[in-house]
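Below is a short report on a single chain and its side-chain interactions. Please look at the sequence and the model first.

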Amino acid sequence: MEYINSFYEGIFWIDGYVDAKIIGTMHIDEKGIVTISSLQSLEQEKKQRTWKKIEHVFGYVNCHDTSKNYSVKLYDVFKIHQSNGALTKYKYQSSNSYISPKFDDEISNLFYNSIMLNYSIISQWVTTTGFSLVHNDSEDDTFKVNQLYTQPKQINLFKDESYEIYFFFRASAGYPLRRSSFIKEEVFINVETKKQFNLKELYTLKAVIERLFNILLFTPWIFRSILTPRIWA
């Protein structure tokens, strides 16, 4: 993923203490574990500073490498370090976090309307793709190739008054080197709900779908998921 093994700097605050923002540096390692380092305490407005778990931490950050801005939402945050001296330093860590490539005005909203589920086998099942095959019709021996991609329309699977389920196509492109470019397409199962759910409730729904695929395919099945506060339409 594009977010891991990167450093970010930004502002962070505890749920309910939006006026007590701190400035800090954030790092995401190869396992997706997030560590925030700061000269300020996240609990600066609380009467007692403890080592107890912090339920939610929100933030806006900027990536050192790309200068892109992101919104972050961290669950189950623990203070792992505090040093006292000429410069007091604090470190907090979370293994359950979400990052969005935009400035989210409603970052403090803890309820979601949509979950995107991705697994590599889905791409093998769904034959629809946005790539167009371009033949080399050159009359000489010169090699020619074009990358043509148009995002396909969603494929509807199910819809009633409570749920809408469909295949969704998502693509990204880049030019990592001077003589290199790529287009990557992923296929997701999107589940949208009319009712808003918290994180645990949506993960229960995710687990139910995983168990269904486990039974049907007789193989371990764990989705990669993305949560979004999308409004039901």
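The text that follows goes from the overall chain to salt bridges, an unpaired acid, aromatic rings and two strand residues.

This is a predicted model, in which local features need pLDDT of at least 70 and side-chain atom pairs count only at pLDDT 80 or more, while totals for chains, interfaces and linings use all residues. Residues are numbered from 1 along each chain as its sequence is written, and side-chain values use heavy atoms, with hydrogens and water left out.

**Overall chain**

The chain has two helices and 14 strands; these are DSSP runs, H or I of at least four residues for helices and E of at least two for strands, numbered from the N terminus. Along the principal axes, the C-alpha atoms fill a box of roughly 75 × 50 × 35 Å. Of the 233 residues, 34% count as buried, where buried means under 20% relative accessible area, exposed over 50%, and partly exposed in between (1.4 Å probe, protein chains only). Contact means heavy atoms within 4.5 Å. Among contacts between residues at least 6 apart in sequence, 59% join residues at least 24 apart.

**Salt bridges**

A salt bridge is a side-chain nitrogen of Lys or Arg within 4 Å of a carboxyl oxygen of Asp or Glu. By this rule the count is three.

| Acid | Base | Closest N to O |
|---|---|---|
| Glu-55 | Lys-53 | 3.9 Å |
| Asp-76 | Lys-53 | 3.6 Å |
| Glu-210 | Lys-206 | 2.8 Å |

Lys-53, Glu-55 and Asp-76 are linked in a network of salt bridges. Asp-76 lies in strand 5 and Lys-53 in the loop between strand 3 and strand 4, so their pair ties together parts that are 23 residues apart in sequence. The members of this network are partly exposed: Glu-55 has a relative accessibility of 43%, Lys-53 has 39%, and Asp-76 has 32%.

The bridge between Glu-210 and Lys-206 is set within helix 2 (residues 199-217), where the two residues are four apart and hence separated by about one helical turn. Glu-210 counts as buried because its relative accessibility is 11%. Lys-206 also counts as buried, at 12%.

**Glu-43**

Glu-43 lies in the loop between strand 3 (34-38) and strand 4 (54-63). Glu-43 is buried but has no salt bridge, and the nearest side chain of opposite charge, Lys-79, is 4.3 Å away. For this purpose Lys and Arg count as positive and Asp and Glu as negative; His and the chain ends are not counted.

What does the side chain of Glu-43 make a polar contact with? One partner is the side chain of Ser-41, at 2.9 Å. The side chain of Tyr-92 is also joined to that of Glu-43 by a polar contact, of 2.9 Å. A polar contact is a pair of N or O atoms within 3.5 Å; within protein, one must be able to donate a hydrogen and the other to accept it, and residues adjacent in sequence count only if both atoms are side-chain atoms.

**Aromatic rings**

The structure holds seven aromatic pairs. Rings of Phe, Tyr and Trp (its six-membered ring) pair if their centres lie within 6.5 Å; planes under 30 degrees apart count as stacked, over 60 as edge-to-face and the rest as tilted. Tyr-75 and Tyr-98 form an edge-to-face pair, with 5.8 Å centre to centre and 90° between the planes. This pair links distant parts of the chain, as Tyr-75 is in strand 5 (residues 69-83) and Tyr-98 in strand 7 (residues 96-100), 23 residues apart. Both Tyr-75 and Tyr-98 are buried.

Ring pairs also link Trp-13, Phe-58, Tyr-60 and Phe-103 into a cluster. Lys-21 lies over the face of Trp-13, at 5.1 Å from the ring centre; the rule asks for NZ of Lys or CZ of Arg within 6 Å of the ring centre and within 35 degrees of the ring normal.

**Two strand residues**

Gly-10 is in strand 1 (residues 6-14) and counts as buried, at 13% relative accessibility. The C-alpha atoms of Gly-10 and Tyr-60 are separated by 5.6 Å, although the residues are 50 apart along the chain. Beyond neighbours within four places in sequence, Gly-10 is in contact with Ile-22, Ile-23, Gly-24, Tyr-60 and Val-61.

Ile-28 is in strand 2 (residues 22-28) and is buried, with a relative accessible area of 6%. Leaving aside neighbours within four places in sequence, its contacts include Tyr-3, Ile-4, Tyr-8, Val-34 and Ile-99.
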